[in-house]
Amino acid sequence: MTKKERFNKVFPILEIKFEKPITALDYKTPYQLLIAVILSAQCTDVRVNIVTKELFKVVNGPEDLANMDLKEIEKYIRSTGFYNNKSKNIKLCSQQLIERHNGEVPNTMEELRALAGVGRKTANVVLGDVWNIREGIVVDTHVKRLSNRIGFVNSDNPEIIEKELMKFIPKKYWFEYSHYLILHGRDKCIARKPKCDLCEIKEYCKYYEINMKKNKEKK
């Protein structure tokens with residue numbers, strides 16, 4: 001089975017299961033989403049939502065973070081991990097938005113990636129969720145794990161994974177693909193103990209196929 005054929009089997013099943021996907025991060029404005037995604041690096045969405053719930057009570061726009069003392073920012077975001085770098089990044093990012101974009105979040109990959117703390121994954125999330133612009137595929141830990149397990153890629157490098165996925169996944173599905181794999185990763189394809197027997201796409205999954213064969217050989 002080719003990657004394209006495998007995708008054509010897997011995607012419709014996940015589409016029926018999860019329907020219209022939305023980000024798990026809580027936000028009301030493009031700026032809030034941008035900050036939330038920066039904070040989500042090496043941190044769960046649940047934790048980020050807890051942190052931003054308090055942070056966004058005092059931060060309405062980039063001016064607020066740009067003028068806030070770093071120690072004050074750290075106090076709010078400490079539990080997200082790597083808070084020293086994240087504090088510097090979201091403060092500088094806010095200053096750059098004011099200086100370069102009149103306080104507005106830009107809607108191009110190039111302009112977003114020029115901001116502090118914004119990599120390709122963050123830019124893809126903002127472009128897709130806010131403007132439905134499909135520049136690429138978001139590759140987080142779930143997407144990386146599932147794309148390898150299902151048999152779409154064989155790499156741990158997010159940039160290589162994204163390029164490989166973009167070769168056979170139609171552009172119109174790039175946004176949904178990431179969301180579906182993130183949701184399925186939380187539901188069934190868990191990192192340490194995937195629930196393979198209960199998985200809706202196991203029939204088309206290389207990981208399940210390999211482990212099923214191993215179990216048969218043991219018997």
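What is the volume of the largest pocket? The largest pocket of this predicted model has a volume of about 1100 Å³, and the tour below starts there.

Before selecting anything, note that residues are numbered from 1 along each chain as its sequence is written, and that side-chain values use heavy atoms, with hydrogens and water left out. Because the model is predicted, local features need pLDDT of at least 70 and side-chain atom pairs count only at pLDDT 80 or more, while totals for chains, interfaces and linings use all residues.

**Stop 1: the largest pocket**

Select Ser40, Lys121, Val139, Asp140 and Thr141, which are the closest to the centre of the largest pocket among the 47 residues that line it. On a 1 Å grid over the protein atoms alone, a pocket is an open set of points with protein on both sides within 12 Å along at least five of seven lines, a cavity is a set where a 1.4 Å probe fits but cannot get out, and lining residues have an atom within 4 Å of a point. Grid points are joined across faces, edges and corners, and a volume is the space filled by probe spheres set on the points. Colour next helix 2, helix 3, helix 6, helix 8, helix 9, helix 10 and helix 11 (174-187), the elements that give two or more residues to this lining; helices here are DSSP runs (H or I, at least four residues), numbered from the N terminus.

**Stop 2: the cavity**

A search of the whole structure finds 1 cavity of 30 Å³ or more, and about 100 Å³ of space lies in the largest cavity. To find it, select His184, Cys189, Cys196, Cys199 and Cys205, which lie nearest its centre among 13 lining residues.

**Stop 3: the aromatic rings**

Now show the side chains of Phe7, Phe11, Phe18, Phe152, Phe168, Tyr173, Tyr177 and Tyr180, which form one aromatic cluster. The whole structure holds 10 aromatic pairs, where rings of Phe, Tyr and Trp (its six-membered ring) pair if their centres lie within 6.5 Å, and planes under 30 degrees apart count as stacked, over 60 as edge-to-face and the rest as tilted. Centre on Phe7 and Phe168, whose ring centres are 6.4 Å apart with planes at 75°, so this pair is edge-to-face. Phe7 belongs to helix 1 (residues 3-18) and Phe168 to helix 10 (residues 158-168), so the pair ties together parts that are 161 residues apart in sequence.

Keep Phe168 selected and add Phe152: the centres of these two rings are 5.4 Å apart and their planes lie at 45°, so the pair is tilted. Phe152 sits in the loop between helix 9 (141-150) and helix 10, so its pair with Phe168 in helix 10 joins parts 16 residues apart in sequence. Phe152 counts as buried because its relative accessibility is 0%, and Phe168 is buried as well, at 11%; buried means under 20% relative accessible area, exposed over 50%, and partly exposed in between (1.4 Å probe, protein chains only).

**Stop 4: Arg134**

Move to Arg134, in the loop between helix 8 (120-131) and helix 9, which is buried at 16% relative accessibility. Its side chain makes a polar contact of 2.8 Å with the side chain of Asn132, and one of its polar side-chain atoms lies 2.6 Å from the backbone oxygen of Lys172. A polar contact is a pair of N or O atoms within 3.5 Å; within protein, one must be able to donate a hydrogen and the other to accept it, and residues adjacent in sequence count only if both atoms are side-chain atoms. Not counting residues up to four places away in sequence, Arg134 touches Lys171, Lys172, Tyr173, Trp174, Phe175 and Glu176, where contact means heavy atoms within 4.5 Å.

**Stop 5: Thr80 and Gln42**

Select Thr80, in the loop between helix 5 (70-77) and helix 6, a buried residue with a relative accessible area of 2%. A polar atom of the Thr80 side chain lies 2.8 Å from the backbone oxygen of Ile77. Leaving aside neighbours within four places in sequence, the contacts of Thr80 include Leu39, Ala41 and Gln42.

Gln42 is the last selection: it is found in the loop between helix 2 (30-39) and helix 3 (45-58) and is exposed, at 67% relative accessibility. The phi of Gln42 is near 55°, a positive value in a residue other than glycine.
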